[in-house]
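Student: Could we go through this structure together, one question at a time? I would like to see how each answer is reached.

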Amino acid sequence: MSASSSDTNLTNNDPGDLTENELWAELAKFAKPQRKPNGITAMELAELWKCSPPTARRWLIAHEKAGEYCHEDCMQLHSDDGILHKVRVWYKHKR
């Protein structure tokens, strides 16, 4: 017996037809928050210091190399466009 083509094809029964980013956003609602408290992104640091994001990022990376900070990559829902973005969040290194 051979499988017919209808047995091997997957059908889309989702009437919503979500885009990939919308699907990721929906799935993120069910996931545990990945960003821990007390972390900071380069963009947030740049806003606090009123400097450019590359300057803030260079400062964070330099202090990470010195062993004062560590970072994790996580997914964060962007407030402006509602799209998930990968962000790097720095935390003070626990000693």
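Tutor: What follows is a set of questions and answers on the fold, a helix pair, the core and some single residues. This is a predicted model, in which local features need pLDDT of at least 70 and side-chain atom pairs count only at pLDDT 80 or more, while totals for chains, interfaces and linings use all residues. Residues are numbered from 1 along each chain as its sequence is written, and side-chain values use heavy atoms, with hydrogens and water left out.

Student: Happy to start with the fold. In what order do the elements of the chain run from the N terminus on?

Tutor: Helices (H or I, at least four residues) and strands (E, at least two) are DSSP runs, numbered from the N terminus. The chain has 4 helices and 2 strands. Their order from the N terminus is α-α-α-α-β-β.

Student: What percentage of the residues of the chain count as buried?

Tutor: Buried means under 20% relative accessible area, exposed over 50%, and partly exposed in between, with a 1.4 Å probe and protein chains only. The chain has 95 residues, and the buried portion of them is 17%.

Student: And among contacts between residues at least 6 apart in sequence, what percentage join residues at least 24 apart?

Tutor: Contact means heavy atoms within 4.5 Å. Counting contacts in the chain between residues at least 6 apart, the share that joins residues at least 24 apart is 41%.

Student: Now the helix pair. Are H3 and H4 roughly parallel or roughly perpendicular?

Tutor: Axes are lines fitted to C-alpha atoms, for helices over the stretch in contact, and angles run from 0 to 180 degrees between N-to-C directions. The axes of H3 (residues 42–49) and H4 (residues 53–65) come within 8 Å and cross at roughly 110 degrees. Angles under 35 degrees count as roughly parallel, over 145 as roughly antiparallel, 65 to 115 as roughly perpendicular and the rest as oblique. The crossing angle therefore makes H3, relative to H4, roughly perpendicular.

Student: How many nonpolar residues does the contact of H3 with H4 have?

Tutor: H3 brings Ala 42, Met 43, Leu 45, Ala 46 and Trp 49, and H4 brings Pro 53, Ala 56, Arg 57, Trp 59 and Leu 60. Ala, Val, Leu, Ile, Met, Phe, Trp, Tyr, Cys and Pro count as nonpolar, Asp, Glu, Lys and Arg as charged, and the others, Gly among them, as polar. By class, the contact has 1 charged residue, no polar ones, and nonpolar residues numbering 9.

Student: Which helix supplies the largest share of the largest nonpolar core?

Tutor: A nonpolar core is a set of buried Ala, Val, Leu, Ile, Met, Phe, Trp, Tyr and Cys residues joined through side-chain atoms within 4.5 Å. The largest one has 8 residues: Ile 40, Ala 42, Leu 45, Ala 46, Ala 56, Leu 60, Tyr 69 and Trp 90. H3 and H4 each supply at least two residues of this core. The largest share, 3 residues, comes from H3.

Student: Is Thr 41 buried or exposed?

Tutor: Thr 41 sits in the loop between H2 and H3. Leaving out residues up to four places away in sequence, Thr 41 touches Arg 35, Leu 60, Arg 88 and Val 89. Its relative accessible area is 8%, so Thr 41 is buried.

Student: How far apart in space are Asn 38 and Trp 90, C-alpha to C-alpha?

Tutor: Asn 38 is also in the loop between H2 and H3, and its relative accessibility of 76% means that Asn 38 counts as exposed. Beyond its neighbours within four places in sequence, Asn 38 is in contact with Trp 90 and Tyr 91. Asn 38 and Trp 90 are 52 residues apart in sequence, and their C-alpha separation is 8.7 Å.

Student: What value is phi of Lys 50 near?

Tutor: Lys 50 lies in the loop between H3 and H4 and counts as exposed because its relative accessibility is 72%. Its phi is positive in a residue other than glycine, near 55 degrees.

Student: Last one: what distance separates the C-alpha atoms of Asp 73 and Arg 88?

Tutor: Asp 73 lies in strand S1 (residues 69–77) and touches Lys 86, Val 87 and Arg 88, not counting residues up to four places away in sequence. Asp 73 and Arg 88 are 15 residues apart along the chain, with a C-alpha separation of 4.4 Å.
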